[in-house]
Amino acid sequence: MINKAFLNKFMVKPGKKLAFDELDPGWASHKDLLDKFGEERVKKIAKKILTRNLDSLNQAHNLLWASDTYGVLVILQAMDAAGKDGIIRHVMSGLNPQGCMVHNFKKPTPDELDHNFLWRYMRALPQRGRIGIFNRSYYEDVLAVKVHPEFLDFQKLPPGVRSENLWKHRYSDINHFEKHLTRNGIVILKFYLHISKDEQRRRLLDRLNNPAKHWKFSDNDLPERAHWDKYMTAYEDAITATSTEWAPWYVIPANHKWASRTLVADVLTGTIAGLGLDFPKITPERKKSLERAKIQLEAEAEENTEEGLSA
Ligand code: ATP
Ligand code: MG
């Protein structure tokens with residue numbers, strides 16, 4: 001596991017204004033570390049930590065499942081090609097598939113637009129014992145919708161709601177919603193995968209140059225990229241307003257996939273381990289009945305052996 005003080009560097013302190021200018025998606029803000037050990041060595045260590053973490057994550061998930069008290073909601077937000085899918089694949093490989101769900105949120109359907117903006121996300125929340133991953137989330141309603149205010153035309157909002165305070169009100173709705181969830185046993189982890197505009201260009205070009213990756217390229221990727229600066233401002237505002245004690249944001253440097261995957265898996269594993277869970281305690285009566293079951297099964301084996309010998 002990575003030490004907590006180091007991981008905390010990636011957490012956005014509640015009340016502190018986030019400024020992407022101060023954070024390097026290539027991890028140069030932690031250049032001391034890269035300089036001291038060299039990038040190749042840090043990469044090798046990160047991969048080792050990831051493998052070990054996936055084991056610990058599996059154990060932590062087992063406890064989460066057995067104790068049936070908390071659910072974990074992992075929110076992934078990022079610009080296109082930042083590596084959300086890769087993170088999901090890696091983290092999922094350390095989880096029991098029965099207890100893990102992934103939900104991808106695209107543009108809302110007419111049915112979804114007939115409800116309050118949080119409705120479709122509420123329906124997809126993880127049950128106790130499970131880990132739910134939201135690949136995009138209700139944050140799109142203060143990100144994509146803020147960058148494209150024309151989307152509001154489809155949201156059938158009552159008069160007066162579409163005021164200058166709309167975004168502030170939505171941040172507040174989100175904070176209250178998340179407070180409600182955490183009070184009721186849903187642990188929330190929010191990750192923004194931070195890539196540079198240049199790294200996105202490289203990754204999109206790679207998709208265009210490689211026929212096996214053509215399917216990953218969407219016609220919408222370039223039009224959205226054209227709004228890069230507006231998205232960055234929308235992200236800064238939304239993350240600043242919604243990084244709370246109960247549901248903090250982590251801004252994860254994502255230009256290197258080995259770094260982002262290791263960091264996300266580590267925060268997730270550490271958070272579940274930090275819940276102090278234990279396997280459910282059994283009552284003395286239950287212990288006795290398990291003993292009886294054991295004696296019965298052992299006797300069955302003895303009878304079978306006796307029958308086999310006397311036949
Ligand atoms: P990938 O590109 O890896 O397949 P993706 O999450 O980018 O995954 P897309 O189908 O490319 O999936 O994009 C989904 C689009 O839906 C994004 O542009 C996103 O901003 C948009 N979207 C998601 N939620 C909302 C929402 N509530 N309102 C408006 N647009 C939304
Ligand atoms: Mg996309």
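This report describes the fold, the ligand site and selected residues of a predicted model.

## Overall architecture

The protein comprises 311 residues, of which 45% count as buried. Its secondary structure consists of 13 helices and five strands. Measured out along the principal axes, the C-alpha trace extends over about 85 × 55 × 40 Å.

## The ligand site

Ligand 1 occupies the largest pocket of the protein. A shell of 15 residues surrounds this ligand, and the closest of them are Asp80, Lys84, Lys106, Arg136 and Glu140. By residue class, the shell contains six nonpolar and nine charged members, with no polar residue among them. Three helices each contribute at least two residues to the shell: H4 (84–92), H6 (119–122) and H7 (144–147).

Polar contacts to ligand 1 involve both side chains and backbone. A polar side-chain atom of arginine 136 is placed 2.6 Å from an oxygen atom of the ligand. For arginine 120, an N or O atom of the side chain lies 3.1 Å from a nitrogen atom of ligand 1. Lysine 107 takes part through its backbone, where a polar atom is 3.4 Å from an oxygen atom of the ligand. Ligand 1 would expose 630 Å² if taken alone, and the protein buries 81% of that area.

## The loop between E1 and H4

Aspartate 80, one of the residues closest to ligand 1, belongs to the loop between strand E1 and helix H4. Its relative accessible area is 21%, so aspartate 80 is classed as partly exposed; the buried class requires a value under 20%. In space, the C-alpha atom of aspartate 80 is 9.4 Å from that of arginine 203, although 123 residues separate the two in sequence.

Alanine 81 is located in the loop between strand E1 (71–78) and H4. This alanine counts as buried because its relative accessibility is 12%. Its backbone has a positive phi, near 70 degrees, in a residue other than glycine. The C-alpha atom of alanine 81 is separated by 8.8 Å from that of lysine 216, and the two residues are 135 positions apart along the chain.

Lysine 216 itself is found in the loop between helix H9 (197–209) and helix H10 (221–225). With a relative accessibility of 32%, lysine 216 counts as partly exposed.

## Further positions of note

Lysine 156 provides another case of positive phi outside glycine, with a value of about 50 degrees. The residue lies in the loop between H7 and helix H8 (166–183). Lysine 156 is exposed, because its relative accessible area is 57% and the exposed class begins over 50%.

Alanine 259 is situated within helix H12, which covers residues 257–273. Its relative accessible area is 3%, and alanine 259 is therefore buried. Between the C-alpha atoms of alanine 259 and leucine 113 the separation is 37 Å, with their positions 146 residues apart along the chain.

Key
Residues numbered from 1 in each chain as written. Chains lettered and ligands numbered in written order. Predicted model: local features only at pLDDT ≥ 70, side-chain atom pairs only at ≥ 80, totals over all residues. Heavy atoms only, no water. Near = heavy atom within 4 Å. Polar contact = N/O pair within 3.5 Å; in protein donor to acceptor, adjacent residues only side chain to side chain. Areas by Shrake-Rupley, 256 points an atom, 1.4 Å probe, with all protein chains shown as cover. 1 Å grid on protein atoms, 1.4 Å probe; cavity = no way out; pocket = protein on both sides within 12 Å on 5 of 7 lines; lining within 4 Å. Sits in = over half its atoms within 2 Å of the grid points. Helix = DSSP H or I, 4+ residues; strand = E, 2+ residues; numbered from the N terminus. Nonpolar A, V, L, I, M, F, W, Y, C, P; charged D, E, K, R; others polar. Buried < 20%, exposed > 50% of the residue type's maximum accessible area, 1.4 Å probe, protein only.
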